Amino acid sequence: MRTPIIAGNWKMNLTIAEAIELVDGIHYGLPFPGEVDIIVAPPFLCLQKVAEHLQESYIGVAAQNLHVEDQGAFTGECSGKQIKDAGADYVIVGHSERRQYVAETDEIVNKKLKAALRNGLTPIMCVGEILEEREKGQVASVIGRQLTVGLLELTPEQVSGIIIAYEPVWAIGTGKTAKSDQVEDAHRLIRFSLSMKFGGQVGGSVRILYGGSVKPDNSGELLALPNVDGALVGGASLKASDFIEIIKSME
Ligand code: PEP
């Protein structure tokens, strides 16, 4: 049994007060979430406050990024060690916006996954193709490369603790959701690839989330797919009522 996950990536949105208001709204609107793991990923400046506020709650906290090193002369960066110290238990690694805007490569993703794991953080590793790659029929090779390089030198035990998010880049923040068969195909491919590299038990147990314009009106269909274990939600995670509706569609 894979426990489903609904994770909200707040990106560079919300002040501290707004962040607290949002998580309170989720709690009041959904006091008993059922068998779903719920995670929010605030910006760094809100992270500690949100984590403190959620200490006794069912909501887990993720950072949106981390540095490959644990400390040192890296102005403007935050390490896994600091993220753990601030109270988070998860970290998003390799989000397409970082791959796109700050040239985060698969090799960097690999180093970041290792940094997360050695600091006791559960990584949410993002993979997914850009539109041009889909149109050229390269979905399998792109995802295959992201997984091969990204997970290099990790043990099956380490990989079994990672959460993967399949996020077709053309569907992120665009309102264009991938069709159910496209999503299921990609998730099956990821599971197969993990099974081939790390064994059937790992392939069968890793939770694979879908991300890309998930909203209350499409979450039911997407989350019902057999190989979809939840969602990584951007825009719709900023409104408590929408986020709650998405969680409820998983139950
Ligand atoms: C994301 O940022 O991971 C994401 C999926 O964003 P959105 O839901 O807004 O497309």
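Reader: Why are α1 and α12 called oblique to each other?
Author: Their axes cross at roughly 45 degrees. Angles under 35 degrees count as roughly parallel, over 145 as roughly antiparallel, 65 to 115 as roughly perpendicular, and the rest as oblique. The crossing of α1 and α12 falls in the rest, so the two helices are oblique. The model is predicted: local features need pLDDT of at least 70, side-chain atom pairs count only at pLDDT 80 or more, and totals for chains, interfaces and linings use all residues. Residues are numbered from 1 along each chain as its sequence is written, and side-chain values use heavy atoms, with hydrogens and water left out.

Reader: What stretches are α1 and α12, and within what distance do their axes come?
Author: Helix α1 covers residues 16-29 and helix α12 residues 240-250. Such helices are DSSP runs (H or I, at least four residues; strands are E, at least two), numbered from the N terminus. The axes come within 9 Å. They are lines fitted to C-alpha atoms, for helices over the stretch in contact, with angles from 0 to 180 degrees between N-to-C directions.

Reader: Is the crossing of α1 and α12 left-handed or right-handed?
Author: α1 passes α12 in a right-handed crossing. That term means the near helix is turned clockwise from the far one by less than a right angle; anticlockwise would be left-handed.

Reader: Which residues make the contact of α1 with α12?
Author: Leu22, Gly25, Ile26 and Gly29 of α1 meet Ala240, Phe243 and Ile244 of α12, contact being heavy atoms within 4.5 Å. The classes are 5 nonpolar, 2 polar and no charged. Ala, Val, Leu, Ile, Met, Phe, Trp, Tyr, Cys and Pro count as nonpolar, Asp, Glu, Lys and Arg as charged, and the others, Gly among them, as polar.

Reader: What makes α5 and α7 oblique?
Author: Helix α5 (residues 106-118) and helix α7 (residues 139-150) cross at roughly 45 degrees, with axes within 8 Å. That angle therefore makes the pair oblique. The crossing is right-handed. In α5, Asp106, Glu107, Val109, Asn110 and Leu113 meet Arg145, Gln146, Val149 and Gly150 of α7. By class, this contact has 3 nonpolar, 3 polar and 3 charged residues.

Reader: Why does the term oblique also fit α7 and α9?
Author: The axes of α7 and helix α9 (residues 180-198) cross at roughly 40 degrees and come within 10 Å. These helices are therefore oblique. Their crossing is right-handed. Ala140, Ile143, Gly144, Leu147 and Thr148 of α7 meet Ala186, Leu189, Ile190, Ser193 and Lys197 of α9. Here the classes are 6 nonpolar, 3 polar and 1 charged.

Reader: What marks out the phi of Lys11?
Author: Most residues other than glycine have a negative phi. Phi of Lys11 is near 50 degrees, a positive value. Lys11 sits in the loop between β1 (5-9) and α1. Glu153 also has a positive phi, near 70 degrees. Glu153 belongs to the loop between α7 and α8 (156-160).

Reader: Which residues come nearest the ligand?
Author: Lys11, Glu167, Gly173, Ser213 and Gly234 do, of 14 residues around the ligand. Near means one heavy atom within 4 Å.

Reader: How do you know that Lys11 makes a polar contact with the ligand?
Author: A side-chain N or O atom of Lys11 is 2.7 Å from a ligand oxygen. The limit is a pair of N or O atoms within 3.5 Å, so the pair qualifies. Asn9 brings a side-chain N or O atom to 3.3 Å from a ligand oxygen. Gly234 places a backbone N or O atom 2.8 Å from an oxygen of the ligand.

Methods: A polar contact is a pair of N or O atoms within 3.5 Å; within protein, one must be able to donate a hydrogen and the other to accept it, and residues adjacent in sequence count only if both atoms are side-chain atoms.
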